[in-house]
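Trainee: I'd love to go through this model with you at the bench. Could we take it one question at a time?

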Amino acid sequence: MGPVTDSSHAAGPARGQAARGQAGPVLGTGGPRSEGTRRAILDAARATFAGRGYEQTTIRAVAAQAGVDASMVMRYFGSKAGLFTAAVTMDLDIPDLRSVPVGDRGDLLVRLFVTRWEHPVHGDEMIAMLRAGVTSEIVAEQFQSVLSQLVTEPIAALGDERAAERGTLIAAQLLGLGLCRCILQFEPLASMSADDVVAAVGPSVQRYLTQPDLTQPDPTEPDPTKPAGGLPG
């Protein structure tokens, strides 16, 4: 996987906070003194959301597990949706597409998501958000913000005026991949190695990144309506 940026400096409830394996500032409002409390709440939220699902999780349940008052949870995160988003995205890595050659950017984005899904600690978090986003409009809005920061904003940073269009198409490709591989577990996709998934899906994402007109066929691909080798003699 190519280099990624440490996004701990970024503001907003959907930003990643630290590179993997490094402790960084946790999401939520409040000064440095409250960081330990926020982290305890997020750890409790992760466990509760994983065990009960989004709809059955309550602020009071999370607060009880964290050993704090429910008003403290609301003070730091504002709502259950804000808490959920912070809990499942606090360690996301924001890709820097400028750090890799143009031809490797599609592979980078696919590997970022596949690696996240298979992470031994945080692998279920994006899947939990995908599941919850299907049934909750509030979570779906939060999820759109997360995907914008993971996909669309890195494309915009390249100076691409069509970043929103490209980002949406790429997000659809990657979410479909996650749904079929991790939730529905379609075979043989579910059993493919990460390298094989990247090799298979990366070129499609690369096309979304680089093809000038996304509404037209890729000019580098052969026309399937024409016989191979040209016209018969």
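Trainee: Let's start with Y76 and F77: are they buried or exposed?

Mentor: Good place to begin, and keep in mind that this is a predicted model. A residue counts as buried when its relative accessible area is under 20%. Y76 meets that rule, and F77 does too, so the answer for both is buried.

Trainee: How many aromatic pairs are there?

Mentor: Ring centres have to lie within 6.5 Å for two rings to pair. Going by that rule, the number of aromatic pairs is five.

Trainee: Which geometry do F49 and F84 have, stacked or edge-to-face?

Mentor: Their ring centres are 4.8 Å apart, and the planes meet at 85°. Planes over 60 degrees apart fall in one class, so the F49 and F84 pair is edge-to-face.

Trainee: Where along the chain do F49 and F84 sit, and how many residues apart are they?

Mentor: F49 belongs to helix 1, residues 35–52, while F84 belongs to helix 4, residues 80–89. This pair therefore links distant parts of the chain, with a separation of 35 residues.

Trainee: Are F49 and F84 buried or exposed?

Mentor: F49 has a relative accessible area of 8%. For F84 the relative accessibility is 2%. Both values are under 20%, so F49 and F84 are buried.

Trainee: And why is the pair of Y76 and F77 edge-to-face?

Mentor: The centres of these two rings are 6.4 Å apart, which is within the 6.5 Å limit for a pair. The deciding value is the angle between the planes of Y76 and F77, because it is over 60 degrees: 85°.

Trainee: Which residue has its charged end over the ring of Y54?

Mentor: First, some context: ring pairs join Y54 with F49 and F84 in a cluster. Over the ring of Y54, 4.4 Å from its centre, sits the charged end of K80.

Trainee: Which residues touch the most other members of the largest nonpolar core?

Mentor: That core has 55 residues. One of its best-connected members is V110, which touches L174, L177, V197, V198, V201, G202 and V205, leaving aside residues up to four places away in sequence. The full answer is L83, V110 and I170.

Trainee: Last one: what pattern does the protein chain follow along the sequence?

Mentor: The secondary structure comprises nine helices and two strands. Of the chain's 233 residues, 44% are buried. From start to end, the pattern reads β-α-α-α-α-β-α-α-α-α-α.

Terms used: Residues are numbered from 1 along each chain as its sequence is written. This is a predicted model: local features need pLDDT of at least 70, side-chain atom pairs count only at pLDDT 80 or more; totals for chains, interfaces and linings use all residues. Side-chain values use heavy atoms; hydrogens and water are left out. Rings of Phe, Tyr and Trp (its six-membered ring) pair if their centres lie within 6.5 Å; planes under 30 degrees apart count as stacked, over 60 as edge-to-face and the rest as tilted. Helices (H or I, at least four residues) and strands (E, at least two) are DSSP runs, numbered from the N terminus. Buried means under 20% relative accessible area, exposed over 50%, partly exposed in between (1.4 Å probe, protein chains only). A charge sits over a ring if NZ of Lys or CZ of Arg is within 6 Å of the ring centre and within 35 degrees of the ring normal. A nonpolar core is a set of buried Ala, Val, Leu, Ile, Met, Phe, Trp, Tyr and Cys residues joined through side-chain atoms within 4.5 Å. Contact means heavy atoms within 4.5 Å.
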